[in-house]
Amino acid sequence: QSLETLERTVPPVSASGARGEAAEPEWQEAMLAAARRLDSAWLALEAAARAEQSLWAAEVARVRAWRRPTRPLWVASALVILVALYLGLVLGGYFGVPGPLRPLAEAWWSRLP
């Protein structure tokens, strides 16, 4: 609304001479009205943002307090390390090769020079 009023005042105020000077107070008033509406809209936006933030504050605190459980990560890491260590010792010849791993060990050893 106030921007449309401001746009309507631009052609007369941009005219040269006395006609443009006569329309200047109307243009200034329209500019002030647009600025006031913009300021009130900004204040309303800030108030709405504060209200929304207070609505979500408990949820944000709950998410911030959550920590990923580390026990499954440590167990999986330990299992991977133990399996890699065992395979390394078997393929390195330090442990005897169990039956199910014999094809893997023979394929590994056949690749070595």
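Helix α3 passes helix α4 in a right-handed crossing. The residues that make this contact are L87, V90 and L91 on the α3 side, and L104, A105, W108 and W109 on the α4 side. Two packed helices are described by the angle between their axes and the distance between the axes. Here α3 and α4, the latter covering residues 102-111, pack at an angle of about 65°. Their axes are 10 Å apart. The model in which this crossing appears is a predicted one.

An α-helix has 3.6 residues a turn, so residues three or four places apart point the same way. The contact list can be read with this in mind: L87, V90 and L91 belong to α3, while L104, A105, W108 and W109 belong to α4.

How far can the prediction be trusted from one part to the next? The mean pLDDT of the protein chain is 87, and 99% of its residues reach 70 or more. Within the chain, confidence is highest in α3, at a mean of 94. Confidence is lowest in helix α1, which covers residues 2-14 and has a mean of 74.

Helix α3 can also be checked for length. The helix runs over residues 71-91 and has 21 residues, so at 1.5 Å a residue its expected span is 30 Å. The C-alpha atoms at its two ends are 30 Å apart, which agrees with that expectation. After α3 comes G93, whose phi is positive, near 90°.

One residue within α3 is L79. L79 counts as exposed because its relative accessibility is 52%, and the cut-off for exposed is over 50%. The C-alpha atoms of L79 and A48 are separated by 52 Å, although the two residues are 31 residues apart along the chain.

The structure holds 1 aromatic pair. Which residues form this pair, and how are their rings placed? Y86 and F95 form it, with 6.1 Å from centre to centre and 45° between the planes, and the pair is tilted. Y86 has a relative accessibility of 34%, so this residue counts as partly exposed. F95 also counts as partly exposed, because its relative accessibility is 41%.

On the other side of the helix crossing, W108 is found in α4. With a relative accessible area of 40%, W108 is partly exposed. W108 and E4 are 104 residues apart along the chain, and 81 Å separates their C-alpha atoms.

Next comes the part of the chain that precedes α3. Helix α1 has 13 residues and reaches 18 Å from its first C-alpha to its last. That is close to the 18 Å expected at 1.5 Å a residue. Which residues of α1 are buried? S2, L6 and T9 are buried there.

Helix α2 covers residues 18-65, and R36 lies in it. R36 is partly exposed, because its relative accessible area is 49%. From C-alpha to C-alpha, R36 and E7 are 16 Å apart in space, and they are 29 residues apart in sequence.

R64 also has its place in α2. Is R64 buried or exposed? R64 counts as exposed, because its relative accessibility is 64%. R64 and T5 are 59 residues apart in sequence, and their C-alpha atoms are 48 Å apart in space.

Terms used:
Residues numbered from 1 in each chain as written. Predicted model: local features only at pLDDT ≥ 70, side-chain atom pairs only at ≥ 80, totals over all residues. Heavy atoms only, no water. Helix = DSSP H or I, 4+ residues; strand = E, 2+ residues; numbered from the N terminus. Expected span 1.5 Å × (residues − 1). Phe/Tyr/Trp six-rings, centres within 6.5 Å; stacked < 30°, edge-to-face > 60°. Buried < 20%, exposed > 50% of the residue type's maximum accessible area, 1.4 Å probe, protein only. pLDDT = per-residue confidence, 0-100. Axes fitted to C-alpha atoms, helices over the stretch in contact; angles between N-to-C directions. Left-handed = near helix turned anticlockwise from the far one by under 90°. Contact = heavy atoms within 4.5 Å.
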